[in-house]
Amino acid sequence: MASYLLLLGLLAITSSVVVASDQSPLQDFCVADTVSPVIVNGRPCKDPKLVQASDFSLSGLHLPRDTSNIFGSNVTLITAAEIPGLNTLSISMARVDYAPGGLNRPHYHPRATELFTVLEGTIEAGFVTSNPDNRFVTKVLQKGDVFVFPVGLIHFQRNIGHGNAVAMSGLSSQNPGIVTIANAVFGSKPDLPTDVLVKAFQVDRNVIKDLQMKF
Ligand code: GLV
Ligand code: MN
């Protein structure tokens with residue numbers, strides 16, 4: 001009985017430590033104190049008496065972003081680092097700009113589901129489900145269409161229209177994180193062992209070496 005209780009206690013402790021989503025707030029707000037040396041999950045709270053409207057605000061999100069890069073896209077992620085008032089509130093956002101043909105490369109958010117809305121243009125969007133199905137769920141989206149990318153699933157978007165495209169996303173974490181698949185697999189620092197990738201992808205060593213050079 002004692003060991004059963006001990007096991008239950010251990011389970012309770014470890015499950016509260018490994019919880020991946022943002023914690024529920026215990027007060028109206030906890031504006032991030034960006035200068036505190038204290039390291040916690042998120043940021044410590046600024047004295048509520050010193051909090052101002054500017055802690056909850058940001059300007060300029062209407063401005064088009066520069067998409068003149070090889071992928072033809074630009075993600076502007078707005079997290080608690082940009083709006084301190086988002087600290088502990090489990091939410092953030094992104095503006096994504098696409099040149100014609102522009103691609104927001106396959107990536108996933110380790111801590112957030114994404115709710116994606118097309119504001120301008122025509123976007124092909126999709127995600128892939130986990131093993132064993134690895135089903136590709138995809139849709140062509142027009143202005144005003146919304147699409148959900150569930151937490152942790154690999155997804156991408158590309159502009160298949162003739163003009164520029166713009167989208168706005170809500171993300172269910174104050175710090176969703178972005179793992180870009182190509183960069184993580186072929187551009188890790190230091191490199192993953194080449195023979196690991198040769199075996200995993202079942203291709204020639206030169207192909208892997210080439211990809212590792214690129215990223
Ligand atoms: C940003 O992360 C996006 O997928 O649009
Ligand atoms: Mn995303």
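In the predicted model, the largest nonpolar core (a set of buried Ala, Val, Leu, Ile, Met, Phe, Trp, Tyr and Cys residues joined through side-chain atoms within 4.5 Å) comprises 13 residues, of which Y98, F116, I123, A125, L141, F147 and F149 touch the most other members. Here a residue is termed buried under 20% relative accessible area, exposed over 50% and partly exposed in between, as evaluated with a 1.4 Å probe on the protein chains only. At least two residues of this core are supplied by each of β2 (92-98), β4 (114-120), β5 (123-128), β7 (146-149) and β9 (165-171), and the largest share, 3 residues, comes from β5. These elements are DSSP runs numbered from the N terminus, helices being H or I runs of at least four residues and strands E runs of at least two. Apart from this core lies another, of 6 residues, among them I78, A80, I83 and L86.

For A125, a member of the largest core, contacts (heavy atoms within 4.5 Å) are made with V137, T138, K139, L141, F147, F149, F156 and Q157, when neighbours within four places in sequence are left aside.

Ligand 1 is surrounded by V96, N104, H107, H109, E114, H155 and Q157, a residue being assigned to these surroundings if one of its heavy atoms lies within 4 Å of the ligand. Polar contacts, that is, pairs of N or O atoms within 3.5 Å, for which within protein one atom must be able to donate a hydrogen and the other to accept it, and residues adjacent in sequence count only if both atoms are side-chain atoms, involve three of these side chains. An oxygen atom of ligand 1 lies 2.9 Å from a side-chain N or O atom of H107, and an oxygen atom of the ligand is 3.0 Å from such an atom of H109, while a polar side-chain atom of E114 is placed 2.8 Å from an oxygen atom of ligand 1. Of the 190 Å² of accessible area that ligand 1 has on its own, 99% is covered by the protein, with areas derived by the Shrake-Rupley method using a 1.4 Å probe and, for residues, only the protein chains shown counting as cover.

A search of the whole structure identifies 1 disulfide, defined as a pair of cysteine sulfur atoms within 2.5 Å. This disulfide is formed by C30 and C45, whose sulfur atoms are 2.1 Å apart, and it is left-handed because the torsion about the S-S bond is about -105°. Both C30 and C45 lie in the loop between α1 and β1, so the pair ties together parts that are 15 residues apart in sequence. C30 counts as buried at 2% relative accessibility, whereas C45 is partly exposed, with a relative accessible area of 37%. D47 also lies in the loop between α1 (2-18) and β1 (73-78) and, at 34% relative accessibility, counts as partly exposed; the C-alpha atoms of D47 and G126, residues 79 apart in sequence, are separated by 43 Å.

Overall, the protein contains 4 helices and 10 strands, which run from the N terminus in the order α-β-β-β-β-β-β-β-β-β-β-α-α-α. Of the 215 residues, 32% count as buried, and among contacts between residues at least 6 apart in sequence, 68% join residues at least 24 apart.

Residues are numbered from 1 along each chain as its sequence is written, with chains lettered from A and ligands numbered from 1 in the order in which they are written. In this predicted model, local features need pLDDT of at least 70 and side-chain atom pairs count only at pLDDT 80 or more, while totals for chains, interfaces and linings use all residues, and side-chain values use heavy atoms, with hydrogens and water left out.
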